[in-house]
Amino acid sequence: MENSIAWIFIFPLFGSAFVALSRYVNIKLAYPISVLSMAGAFWAGVETLQQAVASPNHEISYLLGGWTLDLYPRGVGIEFRADILASLIALIVLGVGLLVTIYSKIHVEKETRNKEAIYYSLMLLQITGLAGICLTGDAFNLYVLIEVAALTGYGLIAMGSNRAAAASYNYLILGTIGASLYLLGVGYLYIKTGTLNMVGIREVIETHGLAGSQTMQVAFVLIGVGILIKMAFFPFHAWLPHAYCNAPTTTSCLLAPLVTKVMIYVMIRMILSVFGVEFSFESTIWVSWMPWLVVIAIVCAAFLALSQREIKRMLAYLIVAEVGYMVGGVWIYNYYGLIGSIFHIISDACMTLCLFLGAGIILHKCKTTHFDGIRGLFSKMPLTVTGFFVGGFSIIGLPPTCGFFSKWYLITGGMVSGRWEYLVVLMFSTMVMVILFFRLIERIHLAVDESGKNLGHGHGDLGLSNEQTRFDEAPLVMLIPLLVAASTVLLIGVYNQEVVNQIETFLQAYDMPTGVVYK
Amino acid sequence: MKLFSLIPVLAIGALLLWAGQDFPKWGDLASPASKSSVSSHFIAKTGVDTEVPNMVTAVLADYRGFDTMFETVVVFIAGTAVIAILRGSSIGRPRRKDHEVEAEPDLIVTNTVRLIVPVIQIFAFYVLAHGHVSPGGGFQGGVLMGASFILIALSWDLEKAMARFPIERCLFVAAMGIVLYGGIGLLSMLLGGEFLDYAELEKIFPVSRGMARYYAILGVEIGVGFTVASIMFVLYANLASEGRLKEGL
């Protein structure tokens, strides 16, 4: 299709307006409209990725309003640019959005009674915002879409438990600071370069040699710090655990895999497309100390995760640690590290989705996600638990899952670039994650019930145990998205070479070093 | 604690001042921003491209119309989020009566409002429709329109205002505003252009390409006006009555 890139946002945008209108007709329509519009958007995402891969220079440009690109610097109108990276991440966003929308039926009816239409409307706009962030080629348009994604996020989180409003307020304050810093940075870019188009900005920086300019340096710092706040990088992570734990289940399933990952994508986009590799890594001092911040971030987040006694809260701190991985992969300034980072965005979205969907089902069935409430769960819900642990094994990095391969590239990057501190901290946090998940496995599989009878199977048969599948398993509408997510984790793992090939094709256009650069 | 928070403030302030040294000189022709053909394109071509005399309106609603569409969506989100959070949140909690005065609506105030509300509303339409030529447009017109209802709520009570603009209908109008804006964009896409390429509307309307953009800008401004006006009132009504939609301030 010719306009597939536009359909990506048209479907959920109109979907959300129609969902909001559905309360005047029949509120039961909200769910089918949401699922249909997400399915349409996902199809458009697949089309866009195929077109981007097939096109000669591996990117498609879409001019909103049909304004020209011929001028120098470009940027009369707003441009959507779908290169392979953008369309890949957008596809992940849409895929996660589709699965969570399908999954949401029971939770939304239960947790946000009488507000379904509003809830779905905000949810679709959240996905619109996130997918738009991936595809836009305009620095100010990116800010607008960040606002769309953030505001819907505040609303979606605040609809949760009693403490959700306070958690959402915290998030709002920090999120607004982050977005304001970003906007200020874009203002500085504009005053120096006279365009807002990302590629246009880079062209001006390169032709006019603006790398040494103080204004540009400060713009880089403002944008960088703003994005780090938005992605919950360690010292700025305080909003995340509370927000995700008190939010409605579906909200945390949607936000946890996407928001932080999309912001890391924005960081990579800023480095590669707006400032350029040379400016970001050679003209600033971030390369020398960012990996050390990453080390602190991962160690602290790992310890915080270790001290939690509740699944969702533990997962929230795991996300903070994972953010550290990806930021580190970028700032070790290495080709393989960057591949690892991009691949990890994809695999982390899938595995976090698995974990949060699983935790949501456990919450639905057991009414708790505290470690004490889940003993012997495997015999009750074998499929759910299996799906959950596929995600868990991927976080640890066990071979057939995609988490292994992305971590492999991150570690390779750390070794090749000689940033041993990053390598060590990756190993350390892997071990912490082994402890975290095996502690859960111990409780879920090897548990004994009150009467002393051993319910668990323990060893081996994590898969299809026939009689027990029927034994009080979660409803299909929740189970199927989880299993699809789990098989995606495995499939991306098995076909990792395909994904890496695409990322390598994308990175050909950028000049990343493959050896030691940092002294 | 206050001293502690002063440190980042001073640090960022110093950073911003330091960056300011390097700003292009006022009117410096040699700076890349002045040489940029983007601004000169706006200055030279706006009238040709869109037939709109007011350059700001053309940049807002046409050159960067996609941003404006999502700004409208942001306004819509603000309204729905407030409804989502406040509605039903105060069930069972007694209403605080700190600042309340029991009194009949004041005679002078209500009669003045009776006089000026129609004027405000007509002026709102004027600002909306005249945005092509003078400062104005959908956001400003919408705010004026919303303010006229808030004024009624302030001088009588919320019920009186809601009798004129029921809160249930507000969300409908707000969503319709988005559908109108997006619909014009979608229509131009289905006619063979890109999304929001209003010029393609010439195929179904008997006007030139420039005038097609001119009228489409008016259309999207009306959409913006719908959303902004109703969301203004939704925000006031929900916040003033803590989501009860009764009594209010």
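Biologist: Which elements do the buried residues of helix 21 of chain A pack against?

Modeller: In this predicted model, they pack against strand 2 (78-83) and against five helices that I name by number: helix 3 (84-111), helix 10 (249-275), helix 14 (335-366), helix 17 (402-416) and helix 20 (476-494) of chain A.

Biologist: What makes A:Val499 a buried residue of helix 21?

Modeller: Buried means under 20% relative accessible area. A:Val499 is listed as buried, and so are other residues of helix 21, including A:Ile503, A:Phe506 and A:Leu507. Across chain A, 67% of the 519 residues count as buried.

Biologist: How do you know that the span of helix 21 is close to the expected one?

Modeller: Helix 21 covers residues 496-507, which is 12 residues. The expected span is 1.5 Å times one less than the number of residues. That gives 16 Å, and the helix reaches 16 Å from its first C-alpha to its last.

Biologist: What does chain A have in the way of helices and strands?

Modeller: Chain A has 21 helices and two strands.

Biologist: Why is chain A called as compact as a globular protein of that length?

Modeller: Its radius of gyration is 22 Å, and the globule rule gives 24 Å for 519 residues; the two are close, so chain A is called compact in that sense. The C-alpha atoms fill a box of roughly 75 × 60 × 45 Å along the principal axes.

Biologist: How many of the contacts join residues at least 24 apart in sequence?

Modeller: Among contacts in chain A between residues at least 6 apart, 80% do.

Terms used:
Residues numbered from 1 in each chain as written. Chains lettered and ligands numbered in written order. Predicted model: local features only at pLDDT ≥ 70, side-chain atom pairs only at ≥ 80, totals over all residues. Heavy atoms only, no water. Helix = DSSP H or I, 4+ residues; strand = E, 2+ residues; numbered from the N terminus. Rg over C-alpha atoms; globule rule 2.2 N^0.38 Å. Buried < 20%, exposed > 50% of the residue type's maximum accessible area, 1.4 Å probe, protein only. Contact = heavy atoms within 4.5 Å.
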